Amino acid sequence: MIVLLRSFIICAFLFSAAGVSAAKEKKVDRWNELMKLVTTEMKILESTKKKGPDLRYRMLELHSEILKLIHEKNNKEFLAKSTNGDRRPKEEYFKETRTYYANTKEFGFAFLKEYPNTVHKPWVFFVLGLNSRDYGRDNLAEEYLLKTIAMVNDPHNSLRHHAETALADHYYNEKQFKDAIVYYERAIKKSEDEWLTKHLFNLSWCYLKVHDFDKAIKAIQASYFKSKDKSYVDIRDQVLENIGSFYVYASRPLEGLEFYLKHEKDPVPYLMPMGLKAMNKGHMKETEEILSSVQELINKNKWPKYQEQLFHTYLDFYRHYNRFSDHEKTSGQFVRYYQKADEFNTKTADKKLKLPVDGREDAIEKMRSLAGFLQVKVAKDMKEDESRYNEDELNIVLRLFDHLIVLDHTKKVEYFYFRAETFYSVRRWKDAAPSYVEAILEAKTVKNEVLGRKSFDSLLALTGMEVLPKDENKKFLIFAYSEHLVFWPKDERSEQIYPKLFEIYHEMHDDVKASQVLAVFNKYYPEHLKDQQKHMTRVLDYFIDQKNTVKLAHWVNEMKAGFLSFSKETVEKAEITLGNILFMQYQDMAKKGDRVAAAKGFESIYVHKLYTDKVKYQAAFFAAMVQLEMGETSKSYHWLELAHARMTDEQWQERRVEELKLTERMYRLQDFVTAFNMTKLHLKKFCSMKDDTQSRFFEIGVMTALVEENTKVAEGMLSSFRNCINKPELISKGLQQIYVFLEKQGDFHGLRLFVQRHSVEPYITQYRYSLQKWYWEKSSLTLKESILAEFRSLKNDETSRWLVEMNLFEKAKKDRDILEAHVIWDKPVFDGDAYNKSLEAYLLKVQAFKNSYQALTQSTQVDLAILATRHFSQVYQIVGTKIQAVRPKGMDEATTVAFTGAMKNVGQEFLGVSAQFEKNLAKALKDKETLTYGSRSIASVENVENPVHSFFTGVTMDKARE
Amino acid sequence: MKTTLIILTLIILASCSSSRIDRKIDNVAWDSLADESYLRWGESRLEKQSSSQLPVINCYKGKAKETLVQYKKDYEKLVGTSYYWLHIGNCYFVQDAWSKAEFYYQMSLNESKNATVKSIALNNLGLIHFKHEQWEKGKELLKESMKTASEFKVPRYNMSQLYLQFGHYDKAIELLTQGPFKGSQDIDVYFSLANAWLYKGDLEASGKYFAQIPKDHFRREDIAATYALYLIRKNDIKGASEIMKARERSGVLEITAISQKIEKMLAVKMKEE
């Protein structure tokens with residue numbers, strides 16, 4: 001026995017040493033070390049040739065040690081592999097243990113067989129009994145231990161005590177409590193056993209099991225109090241952990257509370273489990289008191305480390321007794337605890353000081369559990385009878401969800417959803433809808449598709465039921481649709497939703513959102529483009545109906561930028577419509593006479609950055625028209641320029657005829673310059689068109705240039721744009737107009753240059769006659785000289801002839817003067833022959849004059865013919881008068897009379913011819929009503945022409961007599 | 001120095017020159033053309049006349065520019081009226097803008113279907129041609145005007161001026177004494193007749209018409225020059241001289257030249273006397 005004891009001590013030492021070794025060096029395998037030690041000793045003993053009973057017993061002890069180590073190893077393996085999912089039966093892990101147990105047992109019996117009377121026999125049975133109890137499956141522990149007890153008569157013998165204790169433990173383990181009690185009662189009599197406290201503890205449990213609660217409590221209390229004695233093993237912790245239960249089982253929980261409070265400084269760790277046990281046993285009041293005491297302790301001693309556990313206990317308690325409201329209130333407190341704890345722990349570095357929060361998940365679970373339970377209950381009640389559900393229970397559920405949302409924020413989306421479902425289940429639609437909204441939004445945030453879908457389904461179902469007020473329902477429907485599309489832009493349901501959502505927005509006249517829907521629809525379902533375009537057209541139609549030009553303009557711009565791939569024709573149509581609406585109001589204004597406002601209106605459209613180029617140019621065009629209607633030609637042109645800047649060539653082309661009309665109006669409004677500018681613009685721009693419009697512009701261009709008396713510009717027009725017209729005759733017409741103008745102006749140099757540039761008929765001939773007319777009409781000597789020089793340079797037969805005649809006429813004038821100055825007879829003595837000769841010579845001169853110059857009276861130059869004829873008349877007048885006036889000196893009276901009479905007759909002949917010339921001339925002028933310089937110049941008084949001048953004395957007419 | 005004087009003279013002459021004689025008649029009794037033309041209406045007569053119905057009156061009041069602007073503004077209101085283009089033309093005529101006047105007269109002629117308006121347009125166009133010394137064309141237009149509306153006096157009067165200018169005195173006399181002018185009292189008609197008879201050589205007949213012209217009109221340069229010639233023919237050199245001295249210078253270069261000729265002649269004759 002001593003050896004056995006020694007072995008135990010050695011083993012203990014070894015274990016502790018091993019433990020120290022293991023503790024000291026982590027890598028040291030304690031088990032190996034121990035096994036090595038034991039097996040080494042075993043080998044030594046086995047190697048001994050003569051093994052006496054002591055040795056054999058020692059070997060039995062060593063086998064027991066080895067058995068223990070093997071069991072330890074097997075157990076470790078069992079624990080490790082079973083957690084790895086190895087599903088082998090447990091026994092398989094302990095095969096080695098069982099085998100070694102059998103071997104050890106065999107050794108023991110072999111030892112007894114060999115030494116049947118050995119003093120070690122009771123020890124052998126004791127060891128066998130312990131081995132059977134701890135490692136065997138042969139249920140022989142009782143037998144062996146009883147044998148041991150039987151072999152030791154002395155009740156105070158330590159082996160007997162150990163055996164009785166072991167047997168008591170065996171019965172205890174085998175739940176043969178009554179039998180255990182017998183032996184424990186014996187064991188506790190040995191007061192020197194340091195394990196007395198353990199035996200009392202076990203005995204208390206046996207009493208408890210046989211429902212002898214008083215004895216049980218006494219025993220366990222004894223164990224507690226004995227533990228204070230250092231002679232005994234201190235198992236107060238175990239006692240404290242269990243004594244509470246004892247009181248509970250004994251239906252005396254408050255005594256337990258008192259025990260704890262009295263004997264422990266910090267009974268909290270024990271009170272809560274006791275409370276739970278009391279709760280489970282149905283001691284509600286007592287449990288509440290216990291928990292309340294715990295709370296008091298926590299508060300009083302400032303032990304926040306227990307608060308979490310206490311809250312848990314409370315939750316369990318309230319849940320147990322269906323005190324849901326209290327449960328919820330505690331849940332709320334619990335949530336606040338965690339909030340504070342989190343905050344505190346964040347600031348605290350020392351782990352020991354941190355508040356416990358490990359129970360958070362359990363707390364969440366408890367709240368979820370209750371919430372789920374109540375939710376189902378409420379729904380069930382509701383199903384059975386609409387009016388029967390418990391409002392309080394509902395509120396508890398909702399509050400629990402509130403708590404969970406705070407506490408378990410990673411699953412917020414679930415709680416939102418559950419909350420919404422709760423409302424739904426009790427038909428509180430008004431609350432359900434916003435709750436679904438919350439759930440959806442949260443699902444969106446955390447990307448939880450599953451709950452997102454569920455929430456959508458529920459919300460859509462709710463809106464489909466139309467149980468909410470119309471506006472609200474719509475609001476939620478819109479939300480559901482739009483968020484669904486955000487979640488799943490491409491989805492079977494979404495494909496249906498797009499047009500529905502569009503309809504809603506369209507009905508609300510929210511074009512921005514309606515179009516956004518279409519845009520997204522198009523992005524994900526381009527195959528539905530036609531439908532999308534149809535929808536958008538409806539939006540536009542609405543704006544057209546409303547005459548909402550701002551919106552329409554915005555969308556036209558969008559369409560132009562490619563929105564929904566509208567065709568060019570469609571976009572143009574929309575633009576035209578927009579333009580028409582925009583313009584209609586101002587056109588009406590103009591029609592009603594408020595042109596200034598109308599013009600301003602069109603101008604405002606032009607400057608507005610919202611509108612497209614097409615609309616702007618139309619606006620500018622209308623502005624131009626209105627300005628023109630107000631007579632503001634320059635402003636009109638300015639606006640036309642602006643319009644042109646925004647037009648494409650095609651668009652401008654379409655406007656040509658209209659612009660022609662505007663140009664016609666411009667000159668009719670006396671603005672020839674602007675009208676000319678218009679023609680130039682068009683001729684240049686559309687030269688290649690060569691059509692009637694171009695031709696008319698051409699005509700107007702020449703005309704307006706000439707009205708402004710700018711022949712250079714008019715001619716420039718002819719040369720620059722001659723290839724831009726389809727009526728070549730306009731060129732010659734234009735030239736004719738320029739010629740006529742130059743001639744009218746009496747512009748010799750201009751006309752000369754013109755004829756040099758256009759040396760064609762009829763200008764060449766007209767030019768000669770114009771110069772001829774001017775030569776005779778104009779008084780400027782310089783001009784006359786220039787004309788003569790020009791005639792010479794022309795080298796034309798006709799003008800050469802004219803030159804000859806003109807020269808001849810000048811000569812005739814000189815010769816006339818000579819004839820006028822001539823003196824027929826001035827001698828002092830009359831000589832008939834000499835006189836006759838002189839007269840004859842004079843008359844020959846007159847004859848010569850006539851012969852030389854008579855042809856001039858037939859000149860094709862009318863003025864010259866008239867002047868020449870007048871000249872002749874004057875010459876004959878002079879000759880006749882001169883002859884009649886001859887009064888020769890030195891003649892007697894009778895001769896004088898006869899002479900004078902004869903000369904009078906001669907003179908009269910010439911005077912008669914002169915008169916005849918005059919008569920003929922007058923008749924010719926009268927008959928032909930000649931209106932030439934010549935006829936005017938001869939119509940004079942005292943050689944002074946008539947001051948009456950048809951232009952100066954003529955009168956314009958303004959009206960007719962009324 | 002001489003060159004300078006010549007240049008100065010030319011400048012003075014140019015600045016004083018005008019295109020037409022100022023023949024304003026203040027007394028309507030002496031204006032037989034009053035109901036066909038505002039050209040000879042004196043200031044007081046024009047002031048009395050409202051321009052609301054016929055805005056062209058303002059052109060004769062010296063407001064041609066503004067009136068033309070107003071015609072522009074009133075285009076739509078007035079373009080359908082008979083005289084719209086005519087009156088614009090007349091306003092330009094008053095401003096000596098001959099090309100533009102001609103343009104609008106032509107427009108009136110082209111666009112109007114009204115015989116009266118056409119006749120008036122033809123008359124006015126005729127006058128424009130006279131400005132450009134296109135006598136035959138002018139004459140044709142006047143003839144056409146007279147044919148289109150034979151009751152009008154003005155075209156007949158204008159034709160008479162043309163005849164006088166070119167020495168067809170009998171025709172001028174016939175126009176001014178027959179038809180619508182029979183029995184009419186008019187400064188220019190009497191002057192024209194006096195002129196015609198003078199240039200025909202019938203001083204007596206000429207004198208009768210001169211006697212009917214109110215004295216203050218003898219200050220008009222063309223009348224003064226003609227009357228001076230008459231007086232010269234009558235050997236009243238002094239009288240002629242006084243008339244010429246008292247005349248108002250018209251500024252019309254052609255008439256100025258005639259006046260200078262007469263003055264030279266008078267100077268010589270006075271020396272001879």
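This is a short walk through selected helices, charges and salt bridges in a predicted model.

Start in chain B by selecting helix H11, residues 169–177. Its buried residues are Tyr169(B), Lys171(B), Ala172(B), Ile173(B), Leu175(B) and Leu176(B). What covers them? Show helices H9 (135–148), H10 (154–165) and H12 (187–200) of chain B, then add helix H44 (893–928) and strand S1 (940–941) of chain A: the cover includes these elements from both chains. Following H11(B) you will meet Gly179(B), with a positive phi near 60°.

Next, go to the loop between H13 (203–212) and H14 (221–233) of chain B, where Asp216(B) lies. Asp216(B) counts as exposed because its relative accessibility is 56%, above the 50% cut-off. Add Asp26(B), Glu43(B) and Glu47(B) to your selection, and you have a patch of negative charge on the surface.

Stay in that loop and pick Arg219(B), which forms a salt bridge with Glu248(B) at 3.2 Å, N to O. Glu248(B) sits in the loop between H15 (237–246) and H16 (253–272), so the pair ties together parts 29 residues apart in sequence. Arg219(B) is partly exposed at 41%, and Glu248(B) is partly exposed at 43%. Now select Arg23(B), Asp31(B), Arg40(B), Arg45(B), Asp186(B), Asp188(B), Arg220(B) and Asp222(B), which salt bridges with shared partners join into one network.

Finally, hop to chain A. Lys105(A) and Asp138(A) form a salt bridge, with their closest N and O atoms 2.9 Å apart. Lys105(A) is in helix H5 (95–114), while Asp138(A) is in the loop between H6 (121–135) and H7 (141–151), 33 residues apart.

Methods
Residues are numbered from 1 along each chain as its sequence is written. Chains are lettered from A and ligands numbered from 1 in the order in which they are written. This is a predicted model: local features need pLDDT of at least 70, side-chain atom pairs count only at pLDDT 80 or more; totals for chains, interfaces and linings use all residues. Side-chain values use heavy atoms; hydrogens and water are left out. Patches are made of residues with over 30% relative accessible area and no salt bridge: like charges are joined within 9 Å, nonpolar side chains (Val, Leu, Ile, Met, Phe, Trp, Tyr) within 5 Å. Accessible areas come from the Shrake-Rupley method with a 1.4 Å probe; for residues, only the protein chains shown count as cover. A salt bridge is a side-chain nitrogen of Lys or Arg within 4 Å of a carboxyl oxygen of Asp or Glu. Lys and Arg count as positive and Asp and Glu as negative; His and the chain ends are not counted. The place of a charge is taken as NZ of Lys, CZ of Arg, CG of Asp or CD of Glu. Helices (H or I, at least four residues) and strands (E, at least two) are DSSP runs, numbered from the N terminus. Buried means under 20% relative accessible area, exposed over 50%, partly exposed in between (1.4 Å probe, protein chains only). Contact means heavy atoms within 4.5 Å.
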